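Here are two short exercises to work through with the model open beside you. Try each task before reading its solution.

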Amino acid sequence: MEQKMLLTPGPTPIPPQISSRMAEGMIGHRSNDFNQLMENIQPGLKTILGTKNPVAILSSSGTSALEAAMVNLISPDESIIIIVSGAFGDRFRNIAKTYPFNVHVYEVEWGKAVDPAAFEDYLRSKENIKAVFSQSCETSTAVIHPLNALGRVVKSYNSDTLFIVDGVSIVGGMKFDMETDNIDCLVTGSQKALMLPPGLAFVAMNDAARQKAADNDLPRFYLDINRYFKALEDYSTPFTPAVSLIQGLERVLEIYEEEGIETVFERHRKMRDMLRAGLRSLDLKMLVSDEYASPTVTAFKSSEDELKVIKDRLKNEHQITIAGGQKELKGKILRIGHMGYMFPHDMIRVLAAIEAILSDHRKANYYGRALAAAQEAYYG
Ligand SMILES: *Cc1c(COP(=O)(O)O)cnc(C)c1O
């Protein structure tokens, strides 16, 4: 049978070099070998998250890092704003509502990016906001928000207001610079652009955020980030970590070195451009405008019936798995993940399959059309 292809926005395929590194064998987490491993991975992790500060590693899914950002950085009764532009903004909102915070929600139409000027007006209409939470890439709509502009808006409102960013589906596929973008806390997970299985979450905090976490008296235990940063001083972890995933992470970072980090980011942008050109040539509509299109996931629209045909036949006849829409976008879009261990020729394969499906379904001849558009986007 043809090799299966997983083109969902997480989890994503694992390169064989990483699988074999993870299979090399367990090491004790209270050993010099493990401390050495933890020391080895910090520089690469810092580069990928765009920070000079240490990056804490939790052994849990990405949502734990979202929750860790919230419980460490917000104190009881403090006011915060959550930007909700899709299913993951909604998750931030649901986490926030679990705790005794004063939560304001800034709703953005799904599929659109935040307009920084409109957001600034909203922010200025609220008093004493201690933090603003946003996604970088809202995976459910495939939009990227203008982080740099948002960071400036937050800091011009109050330089002490924290800007907290969920980068789960994009860190590793796009350049980050926490200082330049005024990001106080950036979180991500292992199973998206970082080419690892699910199970690790990462939390980067600048000094202001670290201070807030140290002073915060909201009760918490496993997610108390201070424990992780304290242990990290000795290249250790407070609890038994997912050792094999951290072994795999060391190999991930070597791969970034081998390919060159800028080349990795360029590859992601190229895959986005190829897909958008190819899908458009088949008269499929993009959910997101070019300006805010994510380099890691692409969403397109068509009739519910046609989307179902595309998704089902990709899976059943071509062994390619892509994702549908979530919540209010269910039945309205399909999403193709193109992050991590994914290359331009993979875009060619999925576009060729969609050409074939639509040629049959619409009784038309699309052969070569999306491929030509994609090749032009790549080489042109
Ligand atoms: C995948 C994802 C998460 C985390 O999901 P988990 O299932 O907990 O790993 C959070 N935010 C965004 C934007 C995501 O894409």
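**Exercise 1: the ligand shell**

In the solution, an oxygen atom of the ligand lies 2.5 Å from a side-chain N or O atom of Ser 61, a polar contact (a pair of N or O atoms within 3.5 Å). This is a predicted model, where local features need pLDDT of at least 70, side-chain atom pairs count only at pLDDT 80 or more, and totals for chains, interfaces and linings use all residues. Residues are numbered from 1 along each chain as its sequence is written, and side-chain values use heavy atoms, leaving out hydrogens and water.

Task: find which helices each supply at least two residues of the shell around the ligand.

Step 1. Continue with the polar contacts: ligand oxygen to side-chain N or O is 2.4 Å at Thr 63 and 2.7 Å at Lys 192. The protein covers 89% of the 380 Å² of accessible area (Shrake-Rupley, 1.4 Å probe) that the ligand has on its own.

Step 2. List the residues near the ligand (a heavy atom within 4 Å); among them are Gly 62, Phe 88 and Arg 91.

Step 3. The helices are H3 (62–73) and H4 (87–98), taken as DSSP runs of H or I with at least four residues.

**Exercise 2: an open sheet**

Task: work out which strands are the edges of the sheet.

Step 1. Four strands (DSSP E runs of at least two residues) follow the order E11-E12-E15-E14 with antiparallel pairing, where pairing needs at least two bridges.

Step 2. E11 (285–286) and E14 (323–324) each pair on one side only, making them the edges.

Step 3. Check an inner pair: E12 (297–301) and E15 (333–337) share five bridges, with Val 297 opposite Gly 337.

Technical notes:
A polar contact is a pair of N or O atoms within 3.5 Å; within protein, one must be able to donate a hydrogen and the other to accept it, and residues adjacent in sequence count only if both atoms are side-chain atoms.
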